[in-house]
Amino acid sequence: VEQTSAATLEQDQLLGPGSALYLVKACLDAEQMTQKPRLWFVTCGAQFIPQAPRPVSPIQAALWGFGTSIAAEHRELLGGLVDLDSQDSAEGAADILAAVLCAATSEDQIAVRSRQSFVPRLERQREPVQPTPSFKTDASYLITGAFGGIGLKVGEWLVAHGARNLIMLGRNAPPPRSDWANVAPGTRAARQIAAVRDLEAQGARVIFESIDIANESAAITFFHDRASAFPPVRGILHTAGIGRGDTLVKLGMDTVTEVMRPKVAGTWVLHQISQQFTLDFFIVFSSATHQLGVLGQGAAAYSAASAFLDAFAQYRRTVAQTALSIDWGPWSRVGMAAETGNVARLQSFGISPVSPRRGLDALGHFLHRELAQAWVIGVNWKQFVGVDSSLMQWPFVSDLVNEAAPGGESEEVIARRVELLAGLRRLPAKARAKRLEAFIQDQIVSVMGLESAGDVDWRRGLFDIGMDSLMALNLKNRLQSDLGIPISSTLVFDHPTVESIASFLSQQMFPEESRAHAAPAESPGLEQDVLAAAEEIRGLDEQEMEQMLEKKISTL
């Protein structure tokens, strides 16, 4: 860690999350594999264990964050994550790893310290909100991502509670003050200027700079040339981030690097610069959603960055420096989720948005707590489990999930599945295919927010009609829950039409019949035609038979 720099961190990203990405892609592309391998990712000192404190390696923790998205998108590939003890010899670590890999356990996240295994659990904690402290008038407070929605709210909050010197940094800061008179009304720059003027009207002094905080030389130059005119920094709030992402099938290393840069290299640059100050707090804004099953889909890079922040705060604490990583749920009205329209999607999973007022109350509450990490998120676990039933078997959230749904799946869900499967089983193959296709179409209509199934040309590929990769994962989750069979997250990529999906799922659910149909008895001549025609109409209702007859007549 002592030799860490922004440059070495980018190299480490390629070795950690980058290698994992290429490995997953290779496994998914290997069509000749009859059975996909189970991948285990091994780190050393990535996790902080209070019962056995060790030096923490934040960049290795990024691999754990990446792994949670692998589990969310391709559960069939991930065996688990293991963090070895930095104090063990190479031979001892090898013995321990072998024992972990051979153990029959449902745990998929394991840290070993002094030959004892530790596993993570998410627990609910209730405590009264502490009053917001007052900020020093003779100190400066630094905000990164300062001109994003959350960054501006944080600036207003600081000034409202006594701060009088703000250093506001962001990649898209306002133009220099000398150009303000030329800024067109209604533009983003005009809104940023208005925000700065409002802060100054409340008595604050503000300096701002358009800067990539991960650019080490630019950051050092700024603090030397401009920030030196302000009082010493006593608090840092690192809100900067990039919310881009994609599913692992489509994710490229360029996106991984872009998304991780402000959270990883930017955080480390701030850490180095902060050594010249005596800080009251150093708060980094992380994400809680990436660690919650289905919500980690399409967020592998952001997940890796967030895991780095969590471990970074633990690292700072181990070297007697203040730090806190807050794992936020989505904020309402401001922030990435609100700006991308993702709040409504998250609400459908039972994730309630954090209002700016409640978010700032929580920020004040945790500001001077002796914590390295805290979650601030609202989850309706019963609703969440209804959407992502795989959470029922996930140890990390088992305590909260069992608290919300102690009996596992509801009788209603089980009865609906049994009825669906029994109905399909009673039908002959052709009619079953039609029923299954109609069922899949209904799920797609719901996932994509379409008006009705009748408005879609179902002969086209699903991506051609507007489905994206996250919708494809949502469809896979719905089908897996409703049909009660494991389904790969590459379902729609491997079977891009409704017809091909229905054929594939039918083979999975009724393998005996699939084998029987693979080598049908030959019926020569007219007898074969009659049997084929009988099979085609068997199980159809009157309306379907009438439609088929009209179609046949129209071709004569």
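Start with the whole protein in cartoon view: its secondary structure comes to 22 helices and 13 strands (DSSP runs, H or I of at least four residues for helices and E of at least two for strands, numbered from the N terminus). This is a predicted model, in which local features need pLDDT of at least 70, side-chain atom pairs count only at pLDDT 80 or more, and totals for chains, interfaces and linings use all residues. Residues are numbered from 1 along each chain as its sequence is written, and side-chain values use heavy atoms, leaving out hydrogens and water.

Now color by burial. Of the 556 residues, 49% count as buried (under 20% relative accessible area, 1.4 Å probe, protein chains only).

Next, select residues 39-44, which are strand E1, and 116-118, which are strand E4. These are the edge strands of an open sheet of 4 strands in the order E1-E2-E3-E4, with mixed pairing (two strands pair if DSSP finds at least two bridges between them). Neighbouring strands here are turned by 25 degrees against each other on average, direction ignored (axes are lines fitted to C-alpha atoms, for helices over the stretch in contact, and angles run from 0 to 180 degrees between N-to-C directions).

Move inward to E2 (78-84) and E3 (109-113): they run parallel and are joined by 3 bridges. Zoom in on Leu-81 to find Gln-109 of E3 opposite.

Then add the helices. H3 (90-102) packs on the sheet, touching E1, E2 and E3, at about 150 degrees to the direction of E2 (contact means heavy atoms within 4.5 Å). Finish with H2 (58-73), which lies across E1, E2 and E3 and runs at about 165 degrees to E2.

Technical notes. Buried means under 20% relative accessible area, exposed over 50%, partly exposed in between (1.4 Å probe, protein chains only).
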